[in-house]
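I am opening a notebook on a structure that is new to me. I will look up one thing at a time and write down what I find.

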Amino acid sequence: MKKVAIIMGSDSDFPVVSKAVSKLKEFGVEYEVHVMSAHRTPDAAIKFSADAKKNGFGVIIAAAGMAAHLAGVLAAKTTLPVIGIPCKSAQLDGMDALLATVMMPTGIPVATVAVDGAANAAILAVEMLALSDDSLAEKLENMKADMEKGVAEKDKAMQAKVAEL
Ligand SMILES: Nc1c(C(=O)O)ncn1[C@@H]1O[C@H](COP(=O)(O)O)[C@@H](O)[C@H]1O
């Protein structure tokens, strides 16, 4: 199975990124996690992305806050799918990172999840790998079935609550 690369612009993004790591772990997907920055370590970031395919990666997840150019720069150097996680910062509540990550020019897409949406980034990466891996696809089906069951239980509990009013 191909690996997932999770790159974050700073170690300060780890509280968000850790949710993607946990999710990949749940699915038994192999991953590497690195701190690299298009701003602070541009050569390393570009090299990582250029070599990612030959190094066994199938998807790159890039998490960054503020002027979040990281996902776009990684996407510029690979044909692997790149998923961007815009991280919330103190000043603009993540709107800065959201727009910088999502508003990519034609030809260099970044599949952008919600602000701090790290779990969804991991699930999307798993969905991509599951296109050629039936056991992963089955795990995704199970996840959805569990979710459905959970909501049905909540609905039932809600009916009881409302009846008590
Ligand atoms: N947006 C980027 C990039 C990049 O896009 O390459 N490199 C770091 N950063 C972001 O800067 C914020 C503050 O970083 P520090 O906490 O290290 O000062 C982080 O959210 C990081 O992702």
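**Entry 1: the two domains**

How many residues of domain 1 are in contact with domain 2, and with how many residues there? I looked up the contacts: five residues of domain 1 touch four residues of domain 2. Next I checked where the side of domain 1 that touches domain 2 comes from. Helix 5, residues 118–130, gives the largest share of that side, with four residues. I sorted that side by residue kind too: four residues are nonpolar, none is polar and one is charged.

I note here that I am working with a predicted model. I then looked up the bounds. Domain 1 covers 3–132, and domain 2 covers 134–165. Taken over C-alpha atoms, the centres of the two domains are 29 Å apart.

**Entry 2: the whole chain**

I stepped back to the overall make-up. I find six helices and five strands in the protein. Read from the N terminus, the elements go β-α-β-α-β-α-β-α-β-α-α. The C-alpha trace spans about 60 × 40 × 30 Å along its principal axes. I looked up burial for the protein: 36% of its 165 residues count as buried. I also looked at contacts between residues at least 6 apart in sequence. Of these, 67% join residues at least 24 apart.

**Entry 3: the sheet**

In what order do the five strands lie in the sheet? I read the order as 2-1-3-4-5, in an open sheet with parallel pairing. The edges are strand 2 (31–35) and strand 5 (111–112), and each of these pairs on one side only. I remind myself that strands of a sheet pair through backbone hydrogen bonds, either parallel or antiparallel.

I went through the pairs in turn. Strand 1 (residues 3–8) runs parallel to strand 3 (residues 57–65), and six bridges join them. I picked out Val4, whose bridge partner in strand 3 is Val59. Ala5 stands opposite Ile60 in strand 3. On the other pairing, Ala5 has Glu32 of strand 2 as its bridge partner. Strand 1 and strand 2 run parallel and are joined by five bridges. I also checked cover on strand 1: five of its six residues are buried, so I call the strand mostly covered.

Strand 3 also pairs with strand 4, in the parallel sense, over six bridges. There I find Ile61 with Ile83 of strand 4 as its bridge partner.

**Entry 4: strand 4**

Why do I call strand 4 largely enclosed by the rest of the structure? I do so because six of its six residues are buried. I split them by face. Val82, Gly84 and Pro86 are buried on one side, while Ile83, Ile85 and Cys87 are buried on the other. I keep a general point beside this: in a regular strand the side chains alternate between the two faces of the sheet.

**Entry 5: helices on the sheet**

I looked up what lies on the strands. Helix 2 (residues 42–52) lies across strand 1, strand 2 and strand 3. Its angle to strand 3 is about 155 degrees. Helix 4 (residues 95–102) packs on the sheet as well, touching strand 3, strand 4 (82–87) and strand 5. Helix 4 makes an angle of about 165 degrees with the direction of strand 4.

Which residues of helix 4 are buried? I list Ala97, Leu98, Ala100 and Thr101. The buried residues of helix 4 pack against strand 3, helix 3 (70–76), strand 4 and strand 5.

**Entry 6: around the ligand**

I turned to the ligand. There are 17 residues around it, and Gly9, Ser10, Ser37, Ala38 and Gly65 come nearest. I sorted the shell by kind: seven residues are nonpolar, eight are polar and two are charged.

**Entry 7: one residue in helix 6**

I finished with Met147, which is found in helix 6 (residues 134–164). Is Met147 buried or exposed? I count 10 C-beta neighbours inside 10 Å, so Met147 counts as exposed. I compared its place with that of Ile123. The two are 24 residues apart in sequence, and 13 Å lie between them, C-alpha to C-alpha.

Notes:
Residues numbered from 1 in each chain as written. Predicted model: local features only at pLDDT ≥ 70, side-chain atom pairs only at ≥ 80, totals over all residues. Near = placed C-beta within 6 Å. Nonpolar A, V, L, I, M, F, W, Y, C, P; charged D, E, K, R; others polar. Pairing = 2+ DSSP bridges. Helix = DSSP H or I, 4+ residues; strand = E, 2+ residues; numbered from the N terminus. Contact = placed C-beta atoms within 7 Å. Axes fitted to C-alpha atoms, helices over the stretch in contact; angles between N-to-C directions. Domains from an automatic or database assignment. Buried ≥ 20, exposed ≤ 12 C-beta atoms within 10 Å, placed from the backbone.
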